Amino acid sequence: MSTVSYYTAEGLKKLKEELDHLKSVMRPKASADIAEARDKGDLSENAEYDAAKEAQGMLEMRIAKLEEVYSNARLIDESTLDLSKALVLSNVKIKNQSNGMELKYTLVAESEADLKTGKISVTSPIGRGLLGKSVGEIAEITVPNGTLKFEILEITRD
């Protein structure tokens with residue numbers, strides 16, 4: 001069973017670029033590595049050949065997985081998103097009720113999450129807790145350390 005994943009235009013482009021790179025650069029390199037190892041003699045005792053074949057197998061698995069993800073990827077139409085609630089692609093400004101700290105996150109698909117740039121996955125505990133909430137609501141989010149309460153201060157789109 002395949003899972004549909006939602007992507008921004010940027011995320012979908014990165015996925016396609018990675019898939020193209022694996023097919024057009026890494027696949028020929030793997031074939032060349034196997035050919036080079038094959039030329040070194042007896043295949044039954046050739047560890048380099050075995051390693052090259054295993055690397056090719058891993059590469060082909062990665063390509064197959066990315067092709068499946070790409071074939072089930074859907075582009076999110078940002079113009080149709082509701083600004084009254086926190087949804088995928090929402091920029092959500094929140095305030096931690098226990099320490100008063102304000103944070104700003106962009107809710108994205110799991111494959112595009114990058115905490116360094118403030119992008120959190122909608123499948124993460126905080127992302128799930130914020131989904132569907134409106135400005136002024138309190139999101140109670142259970143994390144390994146307990147329960148956190150965040151007030152939704154602002155919801156925007158870039």
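Colleague: Before we talk about Ile141, what does contact mean here?

Modeller: Contact is a matter of distance between heavy atoms. This is a predicted model, and two residues in it count as touching when they have heavy atoms within 4.5 Å.

Colleague: Okay, which residues does Ile141 touch, leaving out those up to four places away in sequence?

Modeller: Ile141 sits on the covered face of β6, along with Ala139 and Val143. With residues up to four places away in sequence not counted, Ile141 touches Pro125, Ile126, Gly129, Leu130, Gly146, Thr147, Leu148 and Phe150.

Colleague: And the uncovered face of β6, which residues are there?

Modeller: Ala139, Ile141 and Val143 take the covered face. That leaves the uncovered one to Ile138, Glu140 and Thr142.

Colleague: Which members of the largest nonpolar core touch the most other members?

Modeller: Nonpolar side chains tend to be buried together in soluble globular proteins. Here the largest nonpolar core has 14 residues. Two or more of its residues come from each of β3 (91–96), β4 (102–108), β6 (138–143) and β7 (146–156). The members touching the most others are Ala86, Val92, Ile94, Leu107, Leu130, Ile141 and Ile152.

Colleague: There's a second, separate core too; how many residues does it have?

Modeller: Its members include Leu12, Leu22, Leu66 and Ala73. The full count for that second core is ten residues.

Colleague: How do the strands line up in the sheet, and what's the order?

Modeller: It's an open sheet of five strands with mixed pairing. At the edges are β5 (119–121) and β6, each pairing on one side only. From one strand to the next, the twist averages 45°. The order reads β5-β4-β3-β7-β6.

Colleague: Do β6 and β7 run parallel or antiparallel?

Modeller: The two strands form a hairpin, with two residues between them. Across it, Ile138 stands opposite Glu151 and Ala139 opposite Phe150. Six bridges join the pair, and the direction is antiparallel.

Colleague: On the β3 side, which residue of β7 is the bridge partner of Lys95?

Modeller: β3 and β7 also pair antiparallel, over six bridges. Glu151, which stands opposite Ile138 of β6, turns up here as well: the β7 partner of Lys95 is Glu151.

Colleague: Is Asn145 buried or exposed?

Modeller: Asn145 is in the loop between β6 and β7. Its C-alpha is 38 Å from that of Ala64, 81 residues away along the chain. The cut-off for exposed is over 50% relative accessible area, and Asn145 has 81%, so Asn145 counts as exposed.

Colleague: What about Asn72, buried or exposed?

Modeller: Asn72 is also in a loop, the one between α2 (47–71) and β2 (73–75). Its side chain reaches the backbone oxygen of Glu68 at 3.0 Å. Buried means under 20% relative accessible area; Asn72 has 13%, so Asn72 is buried.

Definitions and conventions:
Residues numbered from 1 in each chain as written. Predicted model: local features only at pLDDT ≥ 70, side-chain atom pairs only at ≥ 80, totals over all residues. Heavy atoms only, no water. Core = buried A, V, L, I, M, F, W, Y, C linked by side-chain atoms within 4.5 Å. Buried < 20%, exposed > 50% of the residue type's maximum accessible area, 1.4 Å probe, protein only. Helix = DSSP H or I, 4+ residues; strand = E, 2+ residues; numbered from the N terminus. Pairing = 2+ DSSP bridges. Axes fitted to C-alpha atoms, helices over the stretch in contact; angles between N-to-C directions. Polar contact = N/O pair within 3.5 Å; in protein donor to acceptor, adjacent residues only side chain to side chain.
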